[in-house]
Amino acid sequence: MLTEINFDGIIGPTHNYAGLSRGNIASASNAGDVSQPRAAALQGIEKMRHNIALGLRQGFFMPLDRPDAPWLEMLCTSLDTAEPHLRAQAWSASSMWAANAATVSPAPDSGDGKCHLTVANLVTMPHRSHEWPGTLAQLRIAFANPAFAVHGPVPAPFGDEGAANHMRLCSGHGSAGVEIFVYGLSGGRFPARQHIDASKAIARKHKLDPARTLFIRQSDTAIQGGAFHNDVVAVANEHVLFTHETAFEDREGAHAQIRAAFPDVEIVEVPAGAVSLPEAIKSYLFNAQLVSLPDGGMGLVLPTEARETPAVWTWLEAHVAGNGPIRRLLPVDVRQSMANGGGPACLRLRVVADPSTVDPRFLADPAKLDRIADVVAAHWPEAIAPGNLASTALVRDVQRARSALLEALGLEELI
């Protein structure tokens, strides 16, 4: 039976605050701070536990092998000799944000009845541009069943950042839907990361019906305000689109296109007069998991920062008290991820599939999460300061930590 499975990226042992993500305000604001990889990973595990307790299906992806010495070798340098900015890019644990792992089109949407996944190329940011080979290796193991088609990346220079710029509307997760690709245009001080040609290539690759596929431009106001991905200002689930007023460049045109393609859509728009764009971005109100709960209602798994932003929480409480589709507010603590620029929605990739077709090593249950937490508690560094990235001892420690996790989960082929 087709169901939605959220695959979270396990936060890796090299989690640090190097401020590498241009246009990501939280990442830039916390650059140079001391990170806490162990606490970060345990927070992510607790979020997965929280979602399982809600009755949701949960999976996970492994941290990539970092620091990436082979990537530095291609740049004719090494961990010992690299300039600090290149060394930091080799250390990045940004694959933790699984929303950027791939774009996913469920089987009911595709022309061949397969669930298609295209790994994101992430070429806009150097520290992320070398993620895709490791991510693709995991996708090909996790989704090796013939029910899936796993594709390599869209070629450069067409930037593709995966599901963070993709939404799907449907009457139910297992029914045919309308897929919305959100792209940006460059020109401001912050780059637009999703190229329309990348989105169109993915739609062709996934054999999507053009009549049920939309390409909508992200607002330049949102991008320049710090909404580096669409999922910082909009999220969809089944028939509901939850969006900020400033999300799309042509707001009225975008809404009209969406309603024409999916007449049953319920657009829940937060006015800029109630929650400003800076407040939405600071709280990551829209970088939340809008999920279908077993009781038939919808819940919003959102960061605790939303509760601490008065305008945001006031609007949410009023919505829940009214007759809106979001019935439950479910805060989770992912502060270590938030400080590096990623909320609950950044940490997960949504895949609609029959769980029996997924490699079970990538599916979570409470006992397996206990096993992961034990490895993290025993092996993940407690803290990493910027100066630690030159430590050869730390390199050995983080590589042993990742190997211990892979061995605990029977995924030694990824070592």
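1. Thr 304 and Arg 335 are joined through their side chains by a polar contact of 3.4 Å in this predicted model. Thr 304 belongs to helix α11, which covers residues 304-307. With residues up to four places away in sequence left aside, Thr 304 touches Pro 331, Val 332, Asp 333 and Arg 335. Thr 304 counts as buried because its relative accessibility is 8%, under the 20% cut-off.

2. Arg 335 also takes part in a salt bridge, with Glu 305, at 3.4 Å from N to O. Glu 305 is in helix α11 and Arg 335 in helix α13 (residues 335-339), so this pair ties together parts that lie 30 residues apart in sequence. The two partners differ in burial: Glu 305 counts as buried at 13% relative accessibility, whereas Arg 335 is partly exposed, with a relative accessible area of 35%. A network of salt bridges links Glu 305, Glu 308, Asp 333 and Arg 335. Asp 333 and Arg 335 are also among the residues that Thr 304 touches.

3. The salt bridges come to a count of 15. One of them is formed by Arg 49 and Asp 370, whose closest N and O atoms are 2.7 Å apart. This pair links distant parts of the chain, with Arg 49 in helix α2 (residues 37-53) and Asp 370 in helix α14 (residues 366-379), 321 residues apart. Arg 49 counts as partly exposed at 24% relative accessibility. Asp 370 likewise counts as partly exposed, at 38%.

4. A further salt bridge brings together the side chains of Asp 68 and Arg 66, at 3.6 Å from N to O. Are these two residues buried or exposed? Both Asp 68 and Arg 66 are buried.

5. Strand β7 is mostly covered, with 7 of its 7 residues buried. In a regular strand, side chains alternate between the two faces of the sheet. Both faces of β7 are covered. On one side the buried residues are Gly 177, Glu 179, Phe 181 and Tyr 183; on the other they are Val 178, Ile 180 and Val 182.

6. Which strands pair with β7? Strand β6 (residues 166-170) runs antiparallel to β7 and is joined to β7 by 5 bridges. β6 and β7 form a hairpin, with 6 residues between them. Strand β8 pairs with β7 in the parallel sense, over 5 bridges. Phe 181 can serve as a reference point in β7: His 166 stands opposite Phe 181, and Phe 181 stands opposite Phe 215 in β8. From β7 the chain crosses through α7 to β8, and this β-α-β crossover is right-handed.

7. The crossover helix, α7, spans residues 196-205. Its buried residues are Ala 198, Ser 199, Ala 201, Ile 202 and Ala 203. What covers them includes strands β3 (102-105), β4 (115-119), β7 (177-183) and β8 (213-217). The cover of α7 thus includes both β7 and β8, the strands that the chain connects through this helix.

8. A backbone detail is worth checking after α7. The helix is followed by Lys 207, which has a positive phi, near 60°.

Definitions and conventions:
Residues numbered from 1 in each chain as written. Predicted model: local features only at pLDDT ≥ 70, side-chain atom pairs only at ≥ 80, totals over all residues. Heavy atoms only, no water. Helix = DSSP H or I, 4+ residues; strand = E, 2+ residues; numbered from the N terminus. Buried < 20%, exposed > 50% of the residue type's maximum accessible area, 1.4 Å probe, protein only. Polar contact = N/O pair within 3.5 Å; in protein donor to acceptor, adjacent residues only side chain to side chain. Contact = heavy atoms within 4.5 Å. Salt bridge = Lys/Arg side-chain N within 4 Å of Asp/Glu carboxyl O. Pairing = 2+ DSSP bridges. Right-handed = clockwise from strand over helix to strand, strands pointing away.
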